[in-house]
Structure formats: structure tokens, C-alpha cells
Amino acid sequence: MNAEAQNQNENGWNLYNAYNEFRRMGIEFDYFDKEKTRTKWRFSLVNQNFEVCPTYPDVLVVPANISDTTLIHASKYRSKKRLPVLSYLYKPNNVSISRSSQPLVGLKQARSVQDEKLVESIFEGCESSVTNVIVDARPTTNAVVNRAVGAGSENMNHYKKCRKAYLGIDNIHVMRSSANKLAEAIKDAFNGGSISSTKMHNAQSEWVGHLSDIIQGANEIVCSVLKGEHVLVHCSDGWDRTAQLTSLAQLCLDPYYRTIEGFLILIEKEWVRFGHQFSLRNGHIGIESRFTVSNSSQNITMKKTATPEVQQPKKGILGSLESPKSKNGRDLNSSRMNSTSTQVSSEAGQIDLGSTSVAFGRFATKTFKGMQSRLAAAFNTTAATLGDADVTNATFELENRQQSNKSMFGSKDNSETCMVFGQFLDCVYQIRKESPKEFEFNVEFLKELNIQTNSCRFGTFLGNNYREKIGLKLAENTPSLYNYLLRNKRKYVNVNYEKGNVIIPKTQGISLWSSYYLNYLIPPSTIKKGDIKAGEAKEKVFFEETAAKEANSTGFGEDFGSKVNIGYEGVAETEPNEKVENLLEAGNAMEDGLEKSVNSVERGDTLHRKFVESVSELQTKEKETGGSNIENGVIVSDRVLSGAVGELPNPWV
């Protein structure tokens with residue numbers, strides 16, 4: 001990498017600065033004079049060598065009254081040592097969103113005084129009438145069963161002034177299965193099947209249902225913050241569903257994160273620095289089963305390899321514990337923000353948490369075949385307290401789960417892959433679709449991010465955590481995706497952008513992201529207007545695509561006349577029923593629509609002239625060829641022309 005390229009690249013790698021970003025939220029801490037500290041928060045370097053938590057950032061923001069020693073002890077009570085730390089501070093009311101992993105409660109209901117004190121300090125400062133909330137992203141059943149492996153969820157008797165909320169979002173194994181079904185359905189359609197098939201409908205409905213669960217969870221967090229409730233979010237390990245929820249909530253609360261630069265900073269902060277496992281989840285490391293040669297007529301989708309020692313569950317990770325399903329396949333247990341209770345409802349498999357540990361042990365042993373020895377160890381373990389070695393031992397070596405030769409979730413090499421980040425981008429697309437003017441970036445920006453996540457062209461999304469990235473020296477040896485996107489920012493700008501305020505995410509109107517998933521499958525003429533929301537670029541119409549490319553190029557409008565020719569001839573053949581009385585009338589209508597914007601467009605006069613010339617040429621050509629495309633004196637025209645101003649490409653509106 002030459003010096004010039006390296007200098008350009010540094011901007012991308014240095015885009016995010018933890019101190020600057022949290023100070024933007026209003027956090028100031030003076031190490032030398034704590035009396036000058038403006039907030040209850042402080043910056044901690046306890047993890048600067050990644051010794052407390054290897055998958056966390058080097059700079060943490062924690063309550064100012066919590067010492068580093070307390071943080072070290074509190075980390076032992078959380079899975080992967082991912083202790084509760086600040087993720088975002090909503091400046092208008094100083095309400096926080098924090099994140100962590102699940103507590104190591106186990107079957108013996110272990111507790112940590114330091115963890116409880118840390119959470120209490122995070123929740124301090126709210127009004128006396130407000131009840132803070134611990135958001136557990138998992139289905140209730142999953143959280144309960146995790147106690148069998150030494151983890152679980154908070155015992156709310158030990159956490160003051162807060163309530164528990166289960167969001168019912170399924171884990172990566174269910175999400176991967178759903179994504180595979182969608183891929184199978186799309187492949188069938190690509191090989192000659194129908195995009196209206198039952199298989200496609202079912203796969204699409206299931207995938208959209210998962211998106212709805214995630215967006216509904218973000219909605220609950222946003223509403224809680226606006227009500228003045230501090231929120232602590234976690235799932236199991238705190239790097240998949242947790243990242244999705246905290247990112248979407250911040251995106252809706254803070255207009256800055258809806259700018260191009262702000263969105264990249266949000267990704268770096270919540271995903272890269274907080275240890276989302278990009279390489280593992282996206283399968284960047286070679287997976288043998290993916291390198292298979294097969295005939296194109298055969299099923300080319302990745303096939304799972306059954307592990308002979310362990311019975312492969314049909315769906316989900318719980319096998320017989322799977323929650324009951326409704327007719328459309330959705331989890332009946334996934335109601336949002338369920339209040340904590342001492343029993344799991346009958347829908348969750350009749351698990352009575354008040355029953356004896358022996359009965360629960362038999363239940364868990366039956367579910368987790370092959371783990372009897374670990375369960376026995378749990379029963380023999382005395383109640384763990386903070387700092388005891390038992391707290392760490394109670395995790396049943398959770399740190400080494402993926403190194404096992406046996407897997408409950410299929411073949412070892414594929415069991416941890418899942419398009420978690422891609423699903424997050426899909427959720428962003430759904431939210432943007434409802435409020436397009438409030439986002440500085442367009443849909444192409446999201447598509448580019450989705451593509452580059454798996455391209456391995458850039459080092460930004462390589463590695464499984466920030467510590468790994470430093471060890472691999474990615475900033476020195478690879479280009480930054482952020483730099484690439486910022487240098488091409490003009491290409492991704494939404495020209496209708498207007499800075500807004502808070503967005504309340506909605507689950508109504510969620511649909512398949514057709515322009516991404518079906519990008520190479522659906523011809524432009526099959527896209528219905530109803531599928532294209534107001535304000536969204538109509539990417540699938542060829543005429544608008546070519547015009548947009550011209551608008552983003554340095555030679556704006558130079559070849560526009562020939563592009564109109566191509567667009568007219570191509571669309572006229574596929575849409576013979578859309579007509580106008582005269583092509584010149586359509587041209588005049590388009591001229592009227594362009595009149596206001598042409599003055600603000602670079603080289604607009606040339607664009608206008610070339611367009612008029614192309615219309616005249618087309619009309620002359622029709623007359624010379626005997627009017628081959630004329631029916632009763634009516635010239636067949638492109639629907640974009642017939643729609644005139646209403647169908648203008650975004651760059652000119």
C-alpha cells in the first residue's frame with residue numbers, strides 16, 4: 001500500500017473515536033477533577049489490554065461511582081465476561097441504553113452483588129415513578145433452558161426498581177434456517193419456478209415475521225427511553241440480537257445516526273467494537289461443505305451434514321422444547337415485553353420454576369442429550385457468590401462450546417453462521433421505507449454494505465472482535481470500507497433528505513426487500529407500483545436506473561439521449577398496454593416536470609436539449625418506419641414517460 005493510498009485509507013480507519021462520540025452525547029469526565037464531571041458516567045480503561053473482556057472495546061463507559069475493581073468482579077458473572085456498560089445516552093432526558101450478555105445464574109440461582117450494584121448505578125437518576133427495564137431478547141423458554149448450562153436470566157428479586165421483558169426473538173439457528181428457506185425459494189424461482197409459489201410465500205412470510213419481531217423489540221426500547229426508563233439489553237452472549245436491538249433503537253432516537261457518516265460510526269461502535277463475530281457469522285473462513293461441485297439442475301444450496309452421534313432436531317435448537325407454532329409458523333411464545341414471573345406459561349412447555357431442582361434436572365437432561373455429566377456437576381456445585389471460582393465453573397465451559405466435535409445444530413463448520421448483520425440492514429431498510437426523507441443515505445447504500453460484508457475486499461468486517469482486528473493489523477494491511485463509501489458518498493445520498501427527529505419504528509408494512517433479494521430475478525416490468533413506497537428510488541425500472549447513473553457521473557447528461565432511446569425501445573416492447581396519444585405530448589409533459597429542477601442540475605441545459613432531441617428522433621423514426629409501433633394513431637410509450645412528473649427519477653425531483 002503506497003503512502004498516498006495509506007493516507008486516504010486512514011480517514012476510514014480513524015472515523016470512530018469513542019471519546020468524541022460519547023462526548024457528543026453529553027458525557028464529560030475529568031480524571032483530575034471529578035467535581036467538574038458533568039454526568040454520572042466516566043470513561044474506563046480497565047479493558048485497554050482486553051484482559052477483562054476479550055470481545056469488548058478497549059474504552060468502556062460506566063457509572064462514575066463504580067470502580068474498576070468492581071467492574072472486574074462483575075464481569076465474572078456475565079457470559080463471556082461481557083458486563084453491563086453504556087451503549088447510548090439519549091441527551092434530551094439523559095436516559096441510557098446499556099448492553100451486556102446473559103448472567104451466569106445457573107440452576108442454583110447464583111448471584112453477584114457487584115453486578116447488581118453496577119446495574120443499580122446504571123439505572124440511577126430516573127424519576128421515582130419510573131420503572132427501568134432489563135430487556136432479554138430471547139424467547140422465555142430459551143432463557144429458562146439456558147440455566148441448564150449455567151447461564152439464564154436475571155432474578156428480578158435482586159435488581160431494584162426494574163422489570164424484566166422478554167422479546168421472543170429467535171436465535172441464529174432459527175434465523176439461519178429461515179434464510180436458507182428463502183434462498184431455496186428464490187433459487188427455485190430463478191430456475192423457472194414462480195415467485196408466487198406457496199414455497200416462496202411461506203419462506204417470505206417466515207423471514208418477514210422475524211424482521212417484525214426485531215423491529216417490534218426496537219420499538220419497545222425506543223418507547224421506554226422516551227418514557228424516561230433506562231434500558232439494559234442482552235440476549236445470550238450479547239453480540240447478535242443485542243447489537244441489532246441497540247443499533248436500531250439508536251438509529252430511531254438519534255438523527256445523527258441516520259446520516260451516512262453517523263450510520264458508519266454506529267456500525268463501528270455497536271458491531272465492530274462490541275465484538276460481533278463477522279468472520280464466524282458470515283463464514284469468511286473456508287467452510288468445506290460450501291466448496292462442492294454439482295450440476296446446475298441439482299440443489300446447489302448448502303446442505304447440512306448430519307452428525308451421527310447427536311440427533312438432528314427438526315427445527316430450532318430446542319428439539320422437543322420448541323415453542324408451539326401458529327398456523328403461519330410464528331412462535332406463539334414471542335409476545336413482546338412479557339412481565340417476569342416465577343413460572344413459564346403452558347405455551348412454553350409447562351416448565352414450573354418453582355419445582356425442585358431434581359425435577360428440572362431430569363427435564364434438562366432429556367433435552368440436552370450428552371450433557372448429563374455437566375448437569376451433575378451443576379447439582380453438586382454449591383451456590384456461587386461473586387468472586388468465587390464456582391461462578392466461572394458454572395458456565396460449563398461456555399467459552400469452548402464451538403470447539404466441541406459434536407454439535408446440536410448440524411455440521412460443525414456451519415453451525416455458527418448466520419446473516420445477523422444482513423438482517424439488521426434489512427430492518428434498517430424496512431424503517432427507512434416508512435420514513436425515507438429522514439435518512440441521508442439511499443437504498444443503494446444499504447445494498448452496498450450488505451454486499452461488502454461478504455466480499456472480503458475490505459478489512460472493516462474481517463475478524464470476530466476488535467482485539468482480533470488489532471492482532472491481524474487490518475488497519476495497516478487492508479483498505480477501509482468506510483473510506484470507500486465516504487469517497488463515493490455522492491452516489492449514496494438521498495436527495496430528498498430532511499433532518500428529522502425521533503422515529504417510532506412500526507411493524508406494519510414490512511415486506512420482502514425485493515430490490516436486494518430478487519435483484520437478479522425480477523425484470524423491471526413485473527414490479528408493481530404498490531411495491532414501491534413513496535420517496536424510495538424506483539431501482540428496478542431500467543429508464544430510471546440509467547438516468548440515475550448519469551446523474552451520479554461527472555459527464556452528467558452527455559449520453560442521455562441515447563439512453564432514452566434504449567429505455568424507450570426496451571420498455572415499449574414489454575408494456576404495450578401503456579399508451580399516450582402522442583409521444584411528443586409525453587415529451588412535453590416531461591419537459592414541464594424537468595423545468596423546475598433543470599436550473600439546479602449541473603449542465604442542465606445540455607440534459608434538457610438532448611432529451612428533446614431524443615424525443616424528436618423517436619417520433620421521426622416512427623414515421624419513417626411506417627409506424628410499426630403505432631396502433632390507431634396512438635404511440636406506445638414507456639410508463640415512465642406516460643407518468644411524466646409523477647415518475648421522475650429521484651435525482652431530478
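Reader: Why does cysteine 418 count as buried?

Author: Its relative accessibility is 6%. Buried means under 20%. The value of 6% falls under that cut-off, so cysteine 418 is buried. One caution at the start: this is a predicted model.

Reader: What makes cysteine 456 partly exposed?

Author: Its relative accessible area is 37%. Buried would need under 20%, and exposed would need over 50%. Cysteine 456 sits between those limits, so the label is partly exposed.

Reader: Where is the place of cysteine 456?

Author: Cysteine 456 is in the loop between α15 (443–455) and α16 (466–471). Its phi is near 60°, a positive value in a residue other than glycine. Most residues other than glycine have a negative phi.

Reader: How many disulfides does the structure hold?

Author: Zero. A disulfide needs a pair of cysteine sulfur atoms within 2.5 Å. The count of zero therefore says that no pair met that limit.

Reader: Which residue has the feature "active site" in UniProt?

Author: Cys235, according to an unreviewed UniProt entry. Cysteine 235 lies in the loop between β7 (231–234) and α8 (241–253).

Reader: Why is cysteine 235 called buried?

Author: Its relative accessible area is 2%. The cut-off for buried is under 20%, so cysteine 235 qualifies.

Reader: What does cysteine 235 touch?

Author: Leave out residues up to four places away in sequence. Cysteine 235 then touches Gln102, Asp136, Ala137, Arg138, Asp240, Arg241 and Thr242. Each has heavy atoms within 4.5 Å of cysteine 235, so each counts as a contact.

Reader: Where does UniProt place the feature "binding site"?

Author: The unreviewed entry gives Asn171, Ile172, Cys235, Ser236, Asp237, Gly238, Trp239, Asp240 and Arg241. These positions are spread over 71 residues of sequence.

Reader: How do you know that they cluster in space?

Author: By their C-alpha distances. The largest is 12.3 Å.

Reader: What makes serine 236 buried?

Author: Serine 236 has a relative accessible area of 17%. That is under 20%, so the label is buried. Serine 236 is found in the loop between β7 and α8. Not counting residues up to four places away in sequence, serine 236 touches Ser79, Ser101, Gln102, Arg138, Asn146 and Arg241.

Reader: What is the label of asparagine 94, buried or partly exposed?

Author: Partly exposed. Its relative accessible area is 48%. Exposed means over 50%, so asparagine 94 does not get that label. Asparagine 94 is in the loop between β3 (85–90) and β4 (95–99). Its phi is positive, about 55°, although it is not a glycine.

Reader: Why is alanine 151 called buried?

Author: Its relative accessible area is 0%. The limit is under 20%, so alanine 151 is buried. Alanine 151 lies in the loop between α5 (140–145) and β6 (162–166). The C-alpha atoms of alanine 151 and alanine 110 are separated by 9.4 Å, and the two are 41 residues apart along the chain.

Reader: How do α6 and α7 cross?

Author: Two packed helices are described by the angle between their axes and the distance between the axes. For helix α6 (residues 172–190) and helix α7 (residues 198–226), the axes come within 9 Å and cross at roughly 145°. The crossing is left-handed. The contact divides into eleven nonpolar, three polar and five charged residues. Among the residues that meet are Val174, Met175 and Leu182 in α6, and Met200, Trp207 and Ile214 in α7.

Reader: At what angle do helix α3 and helix α4 pack?

Author: About 115°, with the axes 8 Å apart. Helix α3 covers residues 68–75, and helix α4 covers residues 113–122. This crossing is left-handed. Thr70, Leu71, His73 and Ala74 in α3 meet Gln114, Asp115 and Leu118 in α4. These divide into three nonpolar, three polar and one charged.

Reader: How many helices and strands are in the protein chain?

Author: There are 25 helices and ten strands. The chain has 653 residues, and buried residues make up 54% of them. Among contacts with a separation of 6 or more, 76% join residues 24 or more positions apart.

Key. Residues numbered from 1 in each chain as written. Predicted model: local features only at pLDDT ≥ 70, side-chain atom pairs only at ≥ 80, totals over all residues. Heavy atoms only, no water. Axes fitted to C-alpha atoms, helices over the stretch in contact; angles between N-to-C directions. Helix = DSSP H or I, 4+ residues; strand = E, 2+ residues; numbered from the N terminus. Left-handed = near helix turned anticlockwise from the far one by under 90°. Nonpolar A, V, L, I, M, F, W, Y, C, P; charged D, E, K, R; others polar. Buried < 20%, exposed > 50% of the residue type's maximum accessible area, 1.4 Å probe, protein only. UniProt positions renumbered as here; feature names shortened; annotations may be inferred.
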